[in-house]
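Me: I am new to this structure. Please walk me through the terms used for it, and show how each one is earned.

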Amino acid sequence: MSALGTSKGILEIAKFGIYVSVPIFLMYTFANNTKNIQKVMGNRSYIVYPPEAPRPPSPEELREMARELARKNDIR
């Protein structure tokens with residue numbers, strides 16, 4: 001590591017300052033004004049569900065369908 005007085009040391013301090021200050025600035029910006037985060041989040045649809053398929057028949061309907069099939073097979 002270089003000493004703090006050299007240009008590399010100053011560059012490292014500046015980079016560290018940017019790395020720390022950018023997240024703090026963004027958090028401050030979004031935490032104080034919720035409209036900003038709503039704008040960012042509202043422009044994106046994260047979950048897109050497929051259209052709902054037809055529902056399967058209920059157990060009572062299945063029993064009735066089975067009875068009808070049995071009746072048809074008995075008639076033949």
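Reply: Short questions and answers follow, from the whole chain down to single residues.

Me: What kind of model is this, and how confident is the predictor in it?
Reply: This is a predicted model. The protein chain averages a pLDDT of 84. The scale runs from 0 to 100. A score of at least 70 is reached by 93% of the residues.

Me: Where in the protein chain is confidence lowest, and where is it highest?
Reply: Helix H2, residues 34-42, is lowest, with a mean of 79. Helix H3, residues 59-75, is highest, at 92.

Me: Which elements make up the protein chain, and in what order do they run?
Reply: The protein chain has three helices and zero strands. From the N terminus on, the order is α-α-α.

Me: Why is the protein chain called more spread out than a compact globule?
Reply: Set its radius of gyration against the globule rule. For 76 residues the rule gives 11 Å. The protein chain comes to 33 Å, well over that value, so it is more spread out than a compact globule. The C-alpha trace spans about 100 × 35 × 15 Å along its principal axes.

Me: How much of the protein chain counts as buried, and what is the cut-off?
Reply: Buried means under 20% relative accessible area. Of the 76 residues, 1% count as buried. The accessible surface comes to about 7600 Å². Carbon and sulfur atoms hold 65% of that surface.

Me: How many positive and negative charges are there, and how far apart are their mean positions?
Reply: The protein chain has 11 positive and 7 negative charges. Their mean positions lie 15 Å apart.

Me: What makes Glu12 and Lys15 a salt bridge?
Reply: The rule asks for a side-chain nitrogen of Lys or Arg within 4 Å of a carboxyl oxygen of Asp or Glu. Glu12 and Lys15 are at 3.4 Å, N to O, so the pair meets the rule. Both sit in helix H1, residues 7-32. Being three residues apart there, they are separated by about one helical turn.

Me: Why are Glu12 and Lys15 called partly exposed?
Reply: Partly exposed lies between the 20% limit for buried and the 50% limit for exposed. Glu12 has a relative accessible area of 43%, so it is partly exposed. Lys15 has 33%, so the term fits Lys15 too.

Me: How do you know that Arg55 and Glu52 form a salt bridge, and are their residues buried or exposed?
Reply: Their side chains meet at 2.9 Å, N to O. The cut-off is 4 Å, so this pair counts. Exposed means over 50%. Arg55 has 69% relative accessibility, so it counts as exposed. Glu52 has 62%, so it is exposed as well.

Me: What makes Arg67 and Glu64 a salt bridge?
Reply: The N to O distance is 3.5 Å, which is within 4 Å, so the term applies. The two residues are three apart in helix H3, about one helical turn. Arg67 is partly exposed at 43%. Glu64 is partly exposed at 32%.

Me: How many salt bridges does the rule give?
Reply: The count comes to three.

Me: Where does Arg44 lie, and how far is it from Pro57?
Reply: Arg44 lies in the loop between H2 and H3. At 48% relative accessibility, under the 50% limit for exposed, Arg44 counts as partly exposed. Arg44 and Pro57 are 13 residues apart in sequence. In space they are 36 Å apart, C-alpha to C-alpha.

Me: Why is Gln38 called exposed?
Reply: Its relative accessible area is 54%, and exposed means over 50%, so the word fits. Gln38 lies in helix H2. Gln38 and Gly17 are 21 residues apart along the chain, and their C-alpha atoms are separated by 28 Å.

Key. Residues numbered from 1 in each chain as written. Predicted model: local features only at pLDDT ≥ 70, side-chain atom pairs only at ≥ 80, totals over all residues. Heavy atoms only, no water. Helix = DSSP H or I, 4+ residues; strand = E, 2+ residues; numbered from the N terminus. Rg over C-alpha atoms; globule rule 2.2 N^0.38 Å. Buried < 20%, exposed > 50% of the residue type's maximum accessible area, 1.4 Å probe, protein only. Areas by Shrake-Rupley, 256 points an atom, 1.4 Å probe, with all protein chains shown as cover. Lys, Arg positive; Asp, Glu negative; His and termini not counted. Charge placed at Lys NZ, Arg CZ, Asp CG, Glu CD.
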